[in-house]
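User: Hi! Could you walk me through how to read the features of this model, one at a time?

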Amino acid sequence: MKNRSRTQILYFLMAIILFAVGIFQSWNVALTIFNLCLISSIMTLGINVQWGNAGIVNFGVMGFAALGGLANIIISMPPTSNAWETGGNFIIIGLMIFVLSIIFSVFMFKRVNLNKRIKYLISFLIIFVGYVIMRLIVDSPIEQIESIEPAKTGYLGGFNLPVIISWPLGGLLAAFAAFIIGKISLGLRSDYLAIATLGISEIIIYILKNEDWLSRGVKNVNGLPRPVPYEIELQSREWVLETANILKIPLPEVSSILVKLSYSVLFLLVLLVILYLLQIAVKSPWGRMMRAIRDNEVSANAMGKDIKKRHLQVFIIGSAIVGIAGAMLTTLDGQFTPVSYQPLRYTFLIWIMVIVGGSGNNFGSIIGAFLIWFFWIQSEPLGLWLLSFITSYISDTNLVKSHLLENAAHIRLMFMGMILLVTLRFAPKGLIPEVKR
Amino acid sequence: MDFLNGITLISNYILIPGLTYGSQLALGALGITIVYSVLRFSNFAHGEFMSFGAMTSILLCWLFLSLEINLNPLPTAIIVLPFAIIITIFYCILVDKIIFKFYRRQNSKSVINLIVSIGVMFFTGGLIRFIIGPGDKNFFDGERFILKAKTFKNYTGLSEGLALKTTQGITIVLSIILVVLLFWFLNKTKTGKSMRAYSDNKELALLSGINPEKVVLITWIITGTLACVAGTLYGLDKSYKPFTYLHLVLPIFSAAIVGGVGNPVGAIIGGFVIAFSELIVTFAYKKIFFYFLPNYLVPDGLLQILSTDYKIAISFIILVLVLLIRPTGIYKGKII
């Protein structure tokens, strides 16, 4: 029961904080923070199901989120005219040949009975030949596609479908990637797994940054369609005008608040559905089994549980949730910028949220996401304020003071580090600990 | 003549940069490997320790230059390095006393230590950006080249030039000195042997009267030294930016794992494997073929296996391959 009252108090507190921001700063800011809190909390749910329930360290959040973002492009952008005709099919064929060569070499490796070194050499050669063939087929179509109006398009484009479909597709893409990554690395010890997933997520980002035909690379894809109406559209509606009149708030602000609110509703719906499903899963025999595996792999194995398979399963589920959140984030931003994917912001910050909130507890992860994201946003002004307070007795022309104030924004990294360290030291189970069952 | 030109081309674009970058990675990977083998966790904060070392070097450089102490034609960074090392060691030990010691006492799992090291990474990263700012800092001074491409061309009469930057020379020489000292320490001195014993079997080492706190202290001294030198050399070679060190952690981890975590020889080999494969895979082979093949066989196109944009991604690809084929690394891990 202690847990429950603590949950209620923390959620109530968070609500008050957000309302305070709305009243004292502006509702626009409060809603922006709230939306990102919602997305972060979906990501933390994904990591929590892996780390909290199964003890898997997944440092690949960034990569899965970026794949979700890619789903936005594939689903919602209009196809670039002529791009498919000039060589889209060739690219698909080339990629298929490469993938087939990998599958073939793996197959060969498993079936053929030879000396291991020779087998490695042969499979390497097969993949290399597949790669060369792919490059021969793909190189010139890619060049052609990238030269179609490079300032505006220069990529294949998407299917021009409603953007909201990209959320489940983002989950699917991430799940598919997680399947491959899991197959490669889940057998590893936890440290290695952490490093491997981090490395693979970097590879994904590098691909998105450099394959211009797919995602326009560092040129970014702007102007993704929205699932909600545009501000301008709203401003011409009768009822919006009336609300603005009644509340005595300027019209642009009302419309932008309405847009953000509709995003919030959508995100909240997704969050609630995922939370509901996860709560069921955690309480079910499946959840019990996962925890048994986490707590003692050997004895779970002795009870006949297939640990590798279960780990793969939970890895895929968690990553898919992160992928969905990543797709939602890109939809909210309205643009896909591969450069913005940084491990510090995506992977490690999400991990801090999970640890601080309470690993193994879904409600804890959500409150962790809210608190940490709020702090991450607000610690910049907070740091500035703190430093100006500390240095208030120094004259304004002092070099040290201006230097300190200039770099005040970076204090938030220190804050985050300290929050994580303090949590791990004094409340290693997090704000809302795992429920003892 | 063509043959010599080809060799020069390879040395200029692959051999020398590979040796330099490889030494930097090797020094970093050694630090990670030693922390891993003694303290049993993957230290994600190592990149930031390197950055911290580089930062102290820069600050000291500015101090020394303002006092007009320099070492022309060598960069000032060489004189300040010992002082920077001491400060970095002090910081490492401080972090250990305040943070890591608690978890060591508790016998925490290595994953917990890993997450703790991420906290340290955040804190140190913030501290560094707070002190020196996030911008680019170039602290190289003195003579830029040991051997200029033009001089080489005039001297030998070849059409390809060979250049050796001062920073490259310093990196290679300093790394050799450090590695020799480290191996001498680990293999010949009593303290080094006790450290190896501790990493090999903790309980047995404790029973034979080895002081664990002393071993840990020495571990951090070695780590701090390696981190400071590696960070300063990297910053000297490629200009210092706090942000790059976060991205350097992964190639370093790859190097440590490729060589076999816990094995110093492996860390060095791993560093060079990563560095050379990055260069070999992204090198445009057209010119080499131009020198080695008869003219009518030279294909057009750059003949790159992967474009240069993927340079850093290669280290991760190698990491994945190694984890797939031989998770223990080239040398089996866990022996200093």
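**The interface between the chains**

Analyst: Gladly! Across the interface, 37 residues of chain B are in contact with 35 residues of chain A, where contact means C-beta atoms, placed from the backbone, within 7 Å. This is a predicted model, in which local features need pLDDT of at least 70 and side-chain atom pairs count only at pLDDT 80 or more, while totals for chains, interfaces and linings use all residues. Residues are numbered from 1 along each chain as its sequence is written, with chains lettered from A and ligands numbered from 1 in the order in which they are written.

User: Which helix gives the most to the side of chain B that touches chain A?

Analyst: That is α4(B), with 15 residues. Helices here are DSSP runs (H or I, at least four residues; strands are E, at least two), numbered from the N terminus. On that side of chain B, 27 residues are nonpolar, eight polar and two charged. Nonpolar covers Ala, Val, Leu, Ile, Met, Phe, Trp, Tyr, Cys and Pro; charged covers Asp, Glu, Lys and Arg; the others, Gly among them, are polar.

User: How do I read a pair of packed helices?

Analyst: Two packed helices are described by the angle between their axes and the distance between the axes. Across the interface, helix α7 (residues 190-210) of chain A and α10(B) pack at about 130°, with axes 11 Å apart. Axes are lines fitted to C-alpha atoms, for helices over the stretch in contact, and angles run from 0 to 180 degrees between N-to-C directions. That angle makes α7(A) oblique to α10(B); under 35 degrees counts as roughly parallel, over 145 as roughly antiparallel, 65 to 115 as roughly perpendicular and the rest as oblique.

User: Which residues of α7(A) and α10(B) make the contact?

Analyst: Y192(A), I195(A), L198(A), G199(A) and E202(A) of α7(A) meet L250(B), F253(B), S254(B) and I257(B) of α10(B). By class, this contact has six nonpolar, two polar and one charged residues.

User: Could you show me a pair within chain B?

Analyst: Sure. Helix α11 (residues 264-282) of chain B packs against helix α13 (residues 311-325) of chain B at about 125°, the axes being 9 Å apart. Among the residues in this contact are I274(B) and V281(B) of α11(B), and I314(B) and I318(B) of α13(B). The classes here are four nonpolar, three polar and two charged residues.

User: And how many helices and strands does chain A have?

Analyst: Chain A has 18 helices and zero strands. Its C-alpha atoms fill a box of roughly 75 × 60 × 50 Å along the principal axes.

Methods:
Two residues are in contact if their C-beta atoms, placed from the backbone, lie within 7 Å.
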